[in-house]
Amino acid sequence: MNAIIIAGGNSTRIRPLSNEIPKTMIEIYGKSILERQIELFQRYGISDITVVTGYQSEKINLPNITCIKNEKYKSTNVNEGLFCAKAKFNDSVVITHGDLIFEHEVLEQALNFKGDIGVVVDLDWEKQYTGKFGNILSEADNVIMNKKQILKIRKNLTKKNDLLLAESIGMFKLSKSGAGILLDRYNHLKKSHKGRFHSSPSFKDAFFFDMIQDIIDTNVIVEPIPINGGWCEIDRQIDLERAKEIFSHQSK
C-alpha cells in the first residue's frame with residue numbers, strides 16, 4: 001500500500017500565509033499540515049508516500065517522501081494533479097488532499113475499508129459550518145448515499161427522501177483493483193473527453209470528486225467510509241483557528 005498527498009494548489013484563499021510557502025507547509029502547533037499527515041501514514045506502516053506538488057514546490061523538502069511536481073498546476077485542477085502520480089496506481093492506495101488535518105482514528109477507518117473504492121465521509125458534517133466559524137455550506141463536497149453506496153458526489157447537494165447527506169472530507173481508499181479501474185477510466189477520458197466534465201467546465205479543470213462521479217455513472221460501486229468528525233480542512237485563516245481548537249491536545 002502507498003499514499004498520495006495532493007498538495008499542488010495555489011492556496012490563494014489563505015494568503016498572506018501562503019505568500020512564501022504552499023498551504024500544506026503552514027504550521028499548527030509547530031508542525032506543518034504535511035508533516036502531520038506523513039507522520040500518521042508512517043505510524044500505520046505506510047512508508048511509500050508521494051506528494052504531488054505545484055505552487056512553491058521547492059519549499060516542500062521533507063525526508064522519506066517522493067515529490068512529483070504537476071508542471072501544469074496553474075492551468076489544471078486536483079484531478080490532473082493526482083494523476084501525475086498515476087504510476088502509484090499499481091497497488092492499493094490512500095489518497096488525501098494536502099490541506100487536511102485528521103485524527104488517527106480517521107485514517108484507521110480508511111485503512112480498515114475492504115472494498116475497492118471508498119470515500120471517507122463525515123455524517124456529522126454540518127457542525128463545522130455553523131456557529132462562530134461562519135456558515136459556508138456551499139463549500140462542502142457533499143455526497144448523497146444510502147448505507148452501502150454513494151450515489152452522488154459534488155458541491156451543493158440537498159437531501160432527498162430517505163437517503164443520507166454527508167460530506168466527503170478529501171480522503172479516499174482504493175484497493176489495487178479499484179486503483180486500476182480509476183486509472184483505466186482516466187486514461188480513456190484523457191484521450192477522448194471533450195467539453196464539460198460533471199461539475200467542472202472541462203476535464204483538465206476537474207476535481208477528483210468529478211472523477212468519482214464519473215465512475216459511479218459507469219455503474220461501479222463506490223462505498224462510503226463513515227466517520228463523525230475528527231478532521232479539518234485548512235482553506236482559510238479561520239480554519240486554522242478551528243483546527244487549533246480541535247487539535248489542541250496535540251500541542252501538549
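## A helix wrapped up inside

Let's start with helix α5, which spans residues 208–217: nine of its 10 residues are buried, so the helix is largely enclosed by the rest of the structure. Keep in mind as you explore that this is a predicted model.

Which residues of α5 are buried? They are Phe 208, Phe 209, Asp 210, Met 211, Ile 212, Gln 213, Asp 214, Ile 215 and Ile 216. If you follow the chain just past α5, you will meet Asn 219, which takes a positive phi of about 70°.

## Two nonpolar cores

Now look for the largest nonpolar core, which has 36 residues. Which of its members touch the most other members? Those are Phe 89, Ile 95, Leu 182, Phe 208, Met 211 and Ile 212. Helix α5 supplies the largest share of this core, with six residues. Apart from this core lies another one, made of 28 residues, including Ala 7, Ile 46, Phe 113 and Met 171.

Leu 182 is a good residue to click on. Leaving aside residues up to four places away in sequence, Leu 182 touches Phe 83, Phe 89, Ile 117 and Leu 174, as well as Phe 208, Met 211, Ile 212 and Ile 215. Among these partners, Phe 208, Met 211, Ile 212 and Ile 215 also appear in the list of buried α5 residues.

## Ser 175 and its neighbours

Where does Ser 175 sit? You can find it in the loop between β11 (164–174) and α4 (176–192). Is Ser 175 buried or exposed? With a relative accessible area of 15%, Ser 175 falls under the 20% cut-off, so this serine counts as buried.

Ser 175 touches Asp 91, Ser 92, Gly 115 and Asp 116, again not counting residues up to four places away in sequence. With Asp 116 there is also a polar contact: the two side chains are joined at 2.6 Å.

## Cysteines without a bridge

How many disulfides does a search of the whole structure find? The answer is zero. Take Cys 67 as an example: the nearest cysteine sulfur belongs to Cys 84 and is 13 Å away. A disulfide needs the two sulfur atoms to be within 2.5 Å, so that cut-off is the one to check here. Seen from the other side, Cys 84 is in no disulfide either, and its nearest cysteine sulfur is that of Cys 67.

What about their surroundings? Cys 67 has a relative accessibility of 37%, so it counts as partly exposed. Cys 84 is partly exposed too, with a relative accessible area of 30%.

Methods: Residues are numbered from 1 along each chain as its sequence is written. This is a predicted model: local features need pLDDT of at least 70, side-chain atom pairs count only at pLDDT 80 or more; totals for chains, interfaces and linings use all residues. Side-chain values use heavy atoms; hydrogens and water are left out. Buried means under 20% relative accessible area, exposed over 50%, partly exposed in between (1.4 Å probe, protein chains only). Helices (H or I, at least four residues) and strands (E, at least two) are DSSP runs, numbered from the N terminus. A nonpolar core is a set of buried Ala, Val, Leu, Ile, Met, Phe, Trp, Tyr and Cys residues joined through side-chain atoms within 4.5 Å. Contact means heavy atoms within 4.5 Å. A polar contact is a pair of N or O atoms within 3.5 Å; within protein, one must be able to donate a hydrogen and the other to accept it, and residues adjacent in sequence count only if both atoms are side-chain atoms.
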